[in-house]
Amino acid sequence: MGAFLAIEGAFNSTNYDTMCDACVRHSSEYTTVRRIRATLGDLVAVATLNEISQRFASSRSCPQGGVLSSLLWCLVVDDLITRLSGSGAFIHGFADDVCLLPVGKFPNTVSGLTQWAISAGEIWCDEVGLLFKQDKTVLAAFTRKIKLQEFFEPQLSGIKLRLSWSVKYLGVILDSRLNWREHAEVTK
């Protein structure tokens, strides 16, 4: 089973305190963290309409294309990946996409592991002020079985995740039998 989750507005919605806390957790020097905080805290947006201007100080967001933006996000999301690594599932993260791959013989057990990991991810999101995108979250079963028995659909924010027989993750289409036919057809 694979649960493919996308974090909504990861770079735009992460607040400065979360980024600085992540730097501290990863043993960054105090002066470095202080400098990053000062640099981010100085970001001001100016909106002008006709001859009236408004200034807004920012408390969140990594500057698009900023030199440190990717590094800061990686430090933040590493906490999520570390938490989920004890779930009995393989965890893969790339930018704002997270893939949970619990493996097991019994569909009900795999569903339970998936639900535990998703719930732990939601708790982390609440702590750092982020959300998983429900419309981009896909649940895929990788099996040779035609029908899954004793399977319950894990939920994200109280809504059952739809089970799909294929998913596109990082540009690669993975089908339920992992035979790559669908990906090969699309990339001809």
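Which residue in β5 is the bridge partner of A6? The answer is D97. I start there since it takes us into the sheet. One caution before going on: this is a predicted model.

The sheet first. It is open, has five strands, and runs in the order β4-β5-β1-β6-β9, with mixed pairing. At the edges sit β4, residues 89-94, and β9, residues 163-164, each of which pairs on one side only.

Take the pairings from the β4 side. β4 and β5 are antiparallel and share six bridges. Within that pairing, G93 has V98 of β5 as its bridge partner. The two strands form a hairpin with two residues between them, and there A95 takes a positive phi near 55 degrees. Next, β5 pairs with β1, again in the antiparallel sense, over four bridges. The A6 and D97 bridge from my opening question links a residue to its partner in β5.

At the β9 end, the sense is parallel: β6 and β9 pair over two bridges. L139 has L163 in β9 as its bridge partner.

Two helices pack on this sheet. Helix α4, residues 69-84, touches β4 and β5, the latter being residues 97-102, and the direction of α4 makes about 170 degrees with that of β4. Helix α5, residues 107-128, touches β1, β5 and β6, and its direction makes about 150 degrees with that of β5.

Now one residue in the edge strand β9, namely S164. Is S164 buried or exposed? It is buried, because its relative accessible area is 13%, and the cut-off for buried is under 20%. Leaving out residues up to four places away in sequence, S164 touches V138, L139, A140 and A141. There is also a polar atom of the S164 side chain 2.5 Å from the backbone oxygen of S166.

Last topic, the aromatic rings. How many aromatic pairs does a search of the whole structure find? It finds two. In the first that I will describe, F4 and F142 are edge-to-face, with 6.4 Å centre to centre and 85 degrees between the planes. This pair links distant parts of the chain: F4 is in strand β1, residues 2-6, while F142 is in the loop between β6, residues 138-140, and β7, residues 155-156, and the two are 138 residues apart. As for accessibility, F4 counts as buried because its relative value is 5%. F142 is partly exposed, with a relative accessible area of 24%.

The other pair is F4 with Y169, and this one is tilted, at 5.2 Å centre to centre and 55 degrees between the planes. F4 lies in strand β1 and Y169 in strand β10, residues 166-169, so the pair ties together parts that are 165 residues apart in sequence. Here both F4 and Y169 are buried.

Put together, F4, F142 and Y169 form one aromatic cluster. F4 takes part in the edge-to-face pair with F142 and in the tilted pair with Y169.

To recap: the sheet has the strand order β4-β5-β1-β6-β9, helix α4 packs on it against β4 and β5, and helix α5 packs on it against β1, β5 and β6. The aromatic cluster consists of F4, F142 and Y169, with F4 in strand β1. That is what I have for today.

Key. Residues numbered from 1 in each chain as written. Predicted model: local features only at pLDDT ≥ 70, side-chain atom pairs only at ≥ 80, totals over all residues. Heavy atoms only, no water. Phe/Tyr/Trp six-rings, centres within 6.5 Å; stacked < 30°, edge-to-face > 60°. Buried < 20%, exposed > 50% of the residue type's maximum accessible area, 1.4 Å probe, protein only. Pairing = 2+ DSSP bridges. Contact = heavy atoms within 4.5 Å. Axes fitted to C-alpha atoms, helices over the stretch in contact; angles between N-to-C directions. Polar contact = N/O pair within 3.5 Å; in protein donor to acceptor, adjacent residues only side chain to side chain.
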